[in-house]
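Let's work through a few exercises together. Keep the structure open and try each task before reading its solution.

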4 protein chains.
Amino acid sequence: MSSSQSPNPKIDGRVRRAQQKRRERRAQVLEAARRIFAQKGYHATSITDIIDAAGIARGTFYLYFDTKRAIFDELLDLFFQLLTREVRPVDVAPGARPPVEQLAGIVRHVLDTLFANRDLARILLREAVGLDAEFDRKLAEFYGRVLAVIQHALATGHRIGLVRRCNIAVTSTCILGSVKEIVYHLAVEADVGDLFDLDAVTREVLDFNLYGLFLPGDRKLPA
Amino acid sequence: MSSSQSPNPKIDGRVRRAQQKRRERRAQVLEAARRIFAQKGYHATSITDIIDAAGIARGTFYLYFDTKRAIFDELLDLFFQLLTREVRPVDVAPGARPPVEQLAGIVRHVLDTLFANRDLARILLREAVGLDAEFDRKLAEFYGRVLAVIQHALATGHRIGLVRRCNIAVTSTCILGSVKEIVYHLAVEADVGDLFDLDAVTREVLDFNLYGLFLPGDRKLPA
Amino acid sequence: MSSSQSPNPKIDGRVRRAQQKRRERRAQVLEAARRIFAQKGYHATSITDIIDAAGIARGTFYLYFDTKRAIFDELLDLFFQLLTREVRPVDVAPGARPPVEQLAGIVRHVLDTLFANRDLARILLREAVGLDAEFDRKLAEFYGRVLAVIQHALATGHRIGLVRRCNIAVTSTCILGSVKEIVYHLAVEADVGDLFDLDAVTREVLDFNLYGLFLPGDRKLPA
Amino acid sequence: MSSSQSPNPKIDGRVRRAQQKRRERRAQVLEAARRIFAQKGYHATSITDIIDAAGIARGTFYLYFDTKRAIFDELLDLFFQLLTREVRPVDVAPGARPPVEQLAGIVRHVLDTLFANRDLARILLREAVGLDAEFDRKLAEFYGRVLAVIQHALATGHRIGLVRRCNIAVTSTCILGSVKEIVYHLAVEADVGDLFDLDAVTREVLDFNLYGLFLPGDRKLPA
DNA sequence: TATGAATGAGCGTTCATTCAT
DNA sequence: CATGAATGAACGCTCATTCAT
């Protein structure tokens, strides 16, 4: 019950091998573009830079990608997928792991992933900002999804009495901002040789978001 | 004891009026550039866009600014000054206003200023990101100064026992990020017609940074 | 017997003084242009350069000269006059000074004049070359006049049996060339501090043109 | 014993043909530039002029030459080589051809070459003069080499008693000047239809430089 | 499929000239 | 007369994209 059958398995194999080769070629160009975009930024990167890095001819590039913009979009979309996969609502069902543990896990995963894909993170946080209206929409959509997850978590926290009352829109934005800034430093500004204790950073970020700055004894609002 | 005397007040007046006019002209071009840069971004903005918006001829632009880049720099530097003026260490001397009130004042001022200069904020947070190495340095320096103020405040808070122990580097980055993200939403993403209760936003941001998310009763670190 | 009479001598004086001032202003601009043109060349010299050097405003320049090209032309015309004045047919009338002495005098005068007006010489020999078709005509006319004088002298020399038979067109061109090249070195290439014994140079140039290179004993044409 | 072997002669051929085509294209642009530069001069020639004459697109020009200046330099360098090849010290070894015959050969060759490359000669003698400091250096170097050869010849002439005593610096400059001026007339000023008996011109130039103007009998210096 | 020569719209910048004050 | 702000045509150059081979 295969969806498509061919009377000629020999040609099938040839086609499959060709497609395989094509996929590899594409990946090779994508990889080169990622490196260069991260290094020089979108505008400063020329098609020449990419094809030189990929070791292909000018025309070949356009065999795999429609425009310079298209390959950039694809890189970002890839990264969006990578990140979205990790951002998942906290499970508050009975018997689930403690929420805070789950949060720690998510944050740790996000930091790990970003750090492992510093190039893409750099592109997302630096080069994709202020590119054009079309990209703004895409970015807004992505961050909107992230915010929705955070907001859902806050609302759940309110419902089960774990989280104090607050303006969800503002607070979720603050949380997103604090994480983005940490990621930015880790992925963009930190020198290559810098060593990070990602566990410690994770704990600090969580602590900041969960407990704020004040000591428990001072927990009174300003008059 | 007048600061400067001229034997020819008539010419003096003429000169003064000319300088006045020149300043106005400059401001007019700067204003046009601000609008366009905020709207289309640095790269998508052409000199033609700016002079069309300013209603001047091509050559006139170069009478007031050396290069396209120079006028952009000037806009950003202006904004840096505007912001830096407001970011000042918290005063913990006896008799000073309560620190939290001071913080509230600073945050409120920053939000006010940014909101009143949405174009510049948009340029700072979107167009100046990932522009080039020279601008990166400038930006890093600015945020470095802001971070230094936050870190100083945290250290002081530790010393006087107001703030719980934490990793100052990570925590200050989180604070900066939460404020930047709020500003970004207010200045960049919010629709023109949106109404904000800046007081309420200020309060929420402060609450988030000071108290975090958890209810007092839950104030225990995750195992 | 004055060509024009005025009923108002007071206004006459005023007019005369104004014209005098105008003439001085013109000379001042011309002098500045001469300096700059000689230094930087025609194309590299901007109107800004000239008015800065002359200490006048932009518009003032166009009060005295129609175009950048016009002031350049005027400088060259001035120099043409200066030189033409000195280039005069040799007098072979009985009782006149010996022809060779006259020649020595002329060459010496030309070298003196050119050396005293190195700026103008530099402009004539460097900047005016290959400027445009219109100027080519002017230059050709000037050198044509010089050549005519030389050719006349050669013809006269032939007639009175002083000069050996030769192709007048070619030989006069050689003579002009040898003098031009000497002038070029003196006026253009020589460092400011260099000292020249103009008398010695004059003698050498004359010797070269009159006697050529060969020793008398070798005076036989190549087979 | 073939100089290079390739496992794929088909590709080799393709590469060779492509290089051949490239060389032709380059030559075509160079040729167009030569024509226009000679006609209008460096400054009056625009890239548009060149590409129109060459029948190529704007970008194509920059595929073959880096800047407008670079193509001009290349033309001149080409010509420098062409000329330098012909200017060679006179051989005075026993058994060598008579020096005067050698000189005649050199002069004849120079005139031939220049006349055959009138465009380049025009560019060298007109457009390259007073272009900029960088080019001045280049030109000075070239003429310096030519002068050195002349001076060496003079010194040799003195040594072997063939040439009368003279100031070598001044005399060599005169010789250079006389040849340059002849070349200038032949290559730059002469109308296209003019006919020259280059042999006759050569003889006249040599005669002028060797014997000067005076008849043997008058060979006495002015008092 | 792969190539790379060719394209041309578009850019930022300059500068001789004009003209209202 | 003198000023200098304003003008705009023209320049050299770049680079994403196309297409014949």
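The exercises below look at a predicted model, with a worked solution after each task.

**Exercise 1.** Find which residues lie closest to DNA strand E and which elements they belong with.

Step 1: Collect the residues around the strand. DNA strand E is surrounded by 31 residues, and the closest are Ala57(A), Gly59(A), Gly59(B), Thr67(B) and Gly59(D).

Step 2: Look for elements that give two or more residues to this surface. In chain A that is helix H3 (58-64); chains B and C each offer helix H2 (47-54) and helix H3 (58-64); chain D offers helix H1 (9-40) and helix H3 (58-64).

Step 3: Sort the residues by class. The surface near DNA strand E holds 11 nonpolar, 12 polar and eight charged residues.

**Exercise 2.** Now do the search again for DNA strand F.

Step 1: Here 33 residues surround the strand, with Ala57(B), Gly59(B), Ala57(C), Gly59(C) and Gly59(D) the closest.

Step 2: At least two residues each come from helix H2 (47-54) and H3 in chains A and D, and from helix H1 (9-40) and H3 in chains B and C.

Step 3: The classes come to 12 nonpolar, 12 polar and nine charged residues.

**Exercise 3.** Which helix of chain A gives the most residues to the side that touches chain B?

Step 1: Start with the contacts: 45 residues of chain A meet 46 residues of chain B.

Step 2: List the elements of chain A that supply two or more residues to this side: helix H5 (99-116), helix H6 (118-127), helix H7 (133-159), helix H8 (168-189) and helix H9 (198-211).

Step 3: Pick the top contributor. H8(A) gives the most, with 11 residues.

Step 4: Finish with the classes: this side of chain A has 22 nonpolar, 12 polar and 11 charged residues.

Note on methods
Residues are numbered from 1 along each chain as its sequence is written. Chains are lettered from A and ligands numbered from 1 in the order in which they are written. This is a predicted model: local features need pLDDT of at least 70, side-chain atom pairs count only at pLDDT 80 or more; totals for chains, interfaces and linings use all residues. A residue is near a molecule or strand if its C-beta atom, placed from the backbone, lies within 6 Å of it. Helices (H or I, at least four residues) and strands (E, at least two) are DSSP runs, numbered from the N terminus. Ala, Val, Leu, Ile, Met, Phe, Trp, Tyr, Cys and Pro count as nonpolar, Asp, Glu, Lys and Arg as charged, and the others, Gly among them, as polar. Two residues are in contact if their C-beta atoms, placed from the backbone, lie within 7 Å.
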